[in-house]
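Subject: Structure for you to look at

Hi,

Here's the structure I promised to pass on. Have a look at it first, and my notes on what turned up are underneath.

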Amino acid sequence: GALFAPLEESEGPQGRDVAAFPMQADVYLMARPLEKLVLYTSFGLQGAKRRSVQEGLIQDDVDAIDYLTVREVSVTYDRLPDNAYIRLGRFKPTYGWHIPDHTAYIRRDLGFDQNRQVFGVGAGYNPQYFFTHGSVFYQGLSDWPGDNGDEGYGGVVQAGWRALGWQAGGNVHVLERSSGPGELTAGAFWGLNLYPLVYMGEFDVRATEGVESTGQAGTRGMFAYHEFNWLVTRGLSAMTSYQWADQDLRIRDDHKHRATLGAQWNPYANLQFDLQYRANFLVTEFTEHEALLIFHGFL
């Protein structure tokens, strides 16, 4: 669950008020019927408002099925030599840091938030320090419960080196939409363990194609993320992060920033509280600040 509180008065149709809501209500199931075979699925409930707005429906037209989302259904053949695996089904594309804040610019703005799952085949190879993952996929199956993505196909490749105290890697993601601009995203990510301090970062660039029929021009964008985590004591950690994004480098002074301070408390097993303060800026002008309290309960 989550409690969201804007720290200034909201104005206009896009204004946001204090809200408490369940962020996610998912069930995760995994089984290993054979030594090298894993069956996995995750499904649950989502807000139907997002889908109704996209499809031009009024809220009364939303059926019960619109609250159901089946995020992942996959079969994995693993425990192969050098920690290799092959995966088939519906899964999340492997790109960059999969941080829990799905509103981060490197997640939501790049199209890798909590609603991004694809249908395809993937594979990975991790002999020891070197690692690589890749997949080819199709997305946008409108009849699938909870699939609101653009129809299209593409692929993603990731590779890197993971040592005991640091790691670094890079990835490339290609998406061709059936209707709309295709895009190419590439970036690097890294991490450094300086116990009790951990630093992680990511930098990405994205290029989208122009659409000649509508006169829509292509874009070139850049995105960055930096985070520090400090283990204060067992069960309690503090964090700070800074992120930056420029959706279109051709447009002057349209970049945005976000600075975050937070703490995570795990008082008992299967219980977690996240408290964050976030300040948002457009170019150098302060736009809004927010306070978030997120509760996680695990069974």
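N270 sits in the loop that links β15 (256-268) to β16 (271-282). Its phi is positive, at about 70 degrees, even though N270 isn't a glycine. V283 is another non-glycine residue with a positive phi, about 60 degrees this time, and you'll find V283 in the loop between β16 and β17 (285-297). Do bear in mind that this is a predicted model.

While you're going through the loops, check the Y195 to P196 peptide bond: that one is cis, with omega near 10 degrees. P196 belongs to the loop between β11 and β12 (197-208).

Stepping back to the whole chain, there are two helices and 17 strands. Of the 299 residues, 39% are buried. If you take the contacts between residues at least 6 apart in sequence, 46% of them join residues at least 24 apart. The chain exposes about 17,200 Å², and carbon and sulfur atoms supply 62% of that.

I also picked out L184, which is in strand β11 (residues 183-194). Is L184 buried or exposed? Neither, as it happens: its relative accessible area is 42%, and since buried means under 20% and exposed means over 50%, L184 therefore counts as partly exposed. Beyond its neighbours within four places in sequence, L184 touches V172, H173 and V174, as well as V205, R206 and A207. For V174, the C-alpha to C-alpha distance from L184 is 4.7 Å, with the two residues 10 apart in sequence.

On to the rings. The count of aromatic pairs comes to nine, and W265, F273 and F295 make up one aromatic cluster. There's a charge over a ring too: R162 lies over the face of F131, 4.1 Å from the ring centre.

Last, a pocket you might like to open up in your viewer. The second largest pocket holds about 340 Å³ of space. Its lining is made of 20 residues, and those nearest its centre are G111, R116, Q139, G149 and D150. Which helices and strands supply at least two residues each to that lining? Among them are both α1 (49-54) and α2 (105-109), along with strand β10 (166-177).

That's what I have for now.

Cheers

Methods: Residues are numbered from 1 along each chain as its sequence is written. This is a predicted model: local features need pLDDT of at least 70, side-chain atom pairs count only at pLDDT 80 or more; totals for chains, interfaces and linings use all residues. Side-chain values use heavy atoms; hydrogens and water are left out. Helices (H or I, at least four residues) and strands (E, at least two) are DSSP runs, numbered from the N terminus. Buried means under 20% relative accessible area, exposed over 50%, partly exposed in between (1.4 Å probe, protein chains only). Contact means heavy atoms within 4.5 Å. Accessible areas come from the Shrake-Rupley method with a 1.4 Å probe; for residues, only the protein chains shown count as cover. Rings of Phe, Tyr and Trp (its six-membered ring) pair if their centres lie within 6.5 Å; planes under 30 degrees apart count as stacked, over 60 as edge-to-face and the rest as tilted. A charge sits over a ring if NZ of Lys or CZ of Arg is within 6 Å of the ring centre and within 35 degrees of the ring normal. On a 1 Å grid over the protein atoms alone, a cavity is a set of points where a 1.4 Å probe fits but cannot get out, and a pocket is an open set with protein on both sides within 12 Å along at least five of seven lines; lining residues have an atom within 4 Å of a point. Grid points are joined across faces, edges and corners, and a volume is the space filled by probe spheres set on the points.
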